[in-house]
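Biologist: Please take a close look at a single part of this model and walk me through what surrounds it, explaining each term as you go.

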Amino acid sequence: MGGAVSAGEDNDELIDNLKEAQYIRTELVEQAFRAIDRADYYLEEFKDNAYKDLAWKHGNIHLSAPCIYSEVMEALDLQPGLSFLNLGSGTGYLSSMVGLILGPFGVNHGVELHSDVIEYAKQKLDFFIKTSDSFDKFEFCEPSFVIGNCLEISPDCTQYDRVYCGAGVQKEHEDYMKSLLKVGGILVMPLEEKLTKITRTGPSAWETKKILAVSFAPLIQPNHTDSGKSRLVHLPPVAVRSLQDLARIAIRGTIKKIIHQEAMSRAGNGLKSPARFKRRRLRRRRMETIVFLDKEVFASRISSPSDDNNNSEDMDEERPEEEETKPSELKPEPPVNFLREKVLSLPLPDPLKYYLLYYREK
């Protein structure tokens, strides 16, 4: 059995495969997927499977297959400044990718049933913020997670621009899910074994689109207390950022613009970029069969011998764009965090520098 696309050797190759198979179709979604290494959300002993297009489950911890997350991210049509609610937020992998697109003025909330999974998600979020090379390339909308059953959200909660549910929704709960959505908002959820996109076009008007055949484990029904009352889930309030926080966002944005201008100036002076290598291109086939794996369904792409013969030219190994330079002679340089270097060079007290860098370790 296999997933919808070939496995990758690393996160970038997995994303290349998802792009070529048309699961990732927009630049914003591609940037978010490349910025967060999927393997970082696996337990150490299972990381060998991180770049396969397969779901992973260990106890209460669960990650959907990359092709599923790709379709979800594309269907949500995310934009900076929107509000997002993740029902069944799990490891926080999806919420963190969404946060990269929402930016500093978005809202990013998650509801998770299991307390151990929330603790796991917070650990992974903290690791990403403190150590990821990608963090300083974005202005991040940090997700907030609360524990509870997503079918028991307090009726006085705010509505959201985008909502995703990561468990199978029964038909009887469809209207409840729709009630969480603002007019103009988008809801993506597994409904009647189809990943479904619902757009709220008016107070009582909806557009529905079926995206992909899937099979998720169903939502867990609320377990009422002995008194018969439900445990209402209260989502975090939408708070206004402090003046100090806004100043940090503005300063970081200004420094990034300066760095970009300096880079453009260097390029204008004719400084030569190192030779780049073309990635191996593998032609993908259209959906021909369905593969079942751990309560989820994936579209598997299969090829025929004739296809392989006709497309042998698509299987070329990587070749440098500059043929005269041998790959063995090019040593990749370690990535440089120009934002960090620029901040540390400023004539400011160290505590202020560290604040501007979110107290990151590197």
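**A close look at strand S4**

Modeller: Strand S3 (residues 83-87) runs parallel to S4 and is paired with it over five bridges, where pairing requires that DSSP finds at least two bridges between two strands, and where strands (E, at least two residues) and helices (H or I, at least four residues) are DSSP runs numbered from the N terminus. This is a predicted model, in which local features need pLDDT of at least 70 and side-chain atom pairs count only at pLDDT 80 or more, while totals for chains, interfaces and linings use all residues. Residues are numbered from 1 along each chain as its sequence is written, and side-chain values use heavy atoms, with hydrogens and water left out.

Within the pairing of S3 and S4, Phe-84 has Asn-108 as its bridge partner. S4 is also joined to strand S5 (residues 144-147), again in the parallel sense, by four bridges, and there Glu-112 stands opposite Ile-147. From S4 the chain crosses through H5 to S5 in a right-handed β-α-β crossover, and S3, H4 and S4 likewise make a right-handed β-α-β unit; right-handed means that, with the strands pointing away from the viewer, the path from the first strand over the helix to the second runs clockwise.

Strand S4 (residues 107-112) is largely enclosed by the rest of the structure, because six of its six residues are buried, that is, under 20% relative accessible area with a 1.4 Å probe and protein chains only. In a regular strand the side chains alternate between the two faces of the sheet. Here one side of S4 carries Val-107, His-109 and Val-111, the other carries Asn-108, Gly-110 and Glu-112, and both faces are covered.

The helices in these two crossovers, H4 (93-102) and H5 (115-131), are among the elements that give two or more residues to the largest nonpolar core, a nonpolar core being a set of buried Ala, Val, Leu, Ile, Met, Phe, Trp, Tyr and Cys residues joined through side-chain atoms within 4.5 Å. That core has 57 residues, of which Phe-33 and Met-73 touch the most other members. Leaving aside residues up to four places away in sequence, Met-73 touches several residues, including Leu-94, Met-97, Val-98 and Ile-101, contact meaning heavy atoms within 4.5 Å. Val-107 belongs instead to a second, separate core of 23 residues, which also includes Tyr-160, Ile-198 and Val-233.

For the wider setting, the protein chain has ten helices and eleven strands, and 45% of its 362 residues count as buried.

Terms used. Buried means under 20% relative accessible area, exposed over 50%, partly exposed in between (1.4 Å probe, protein chains only).
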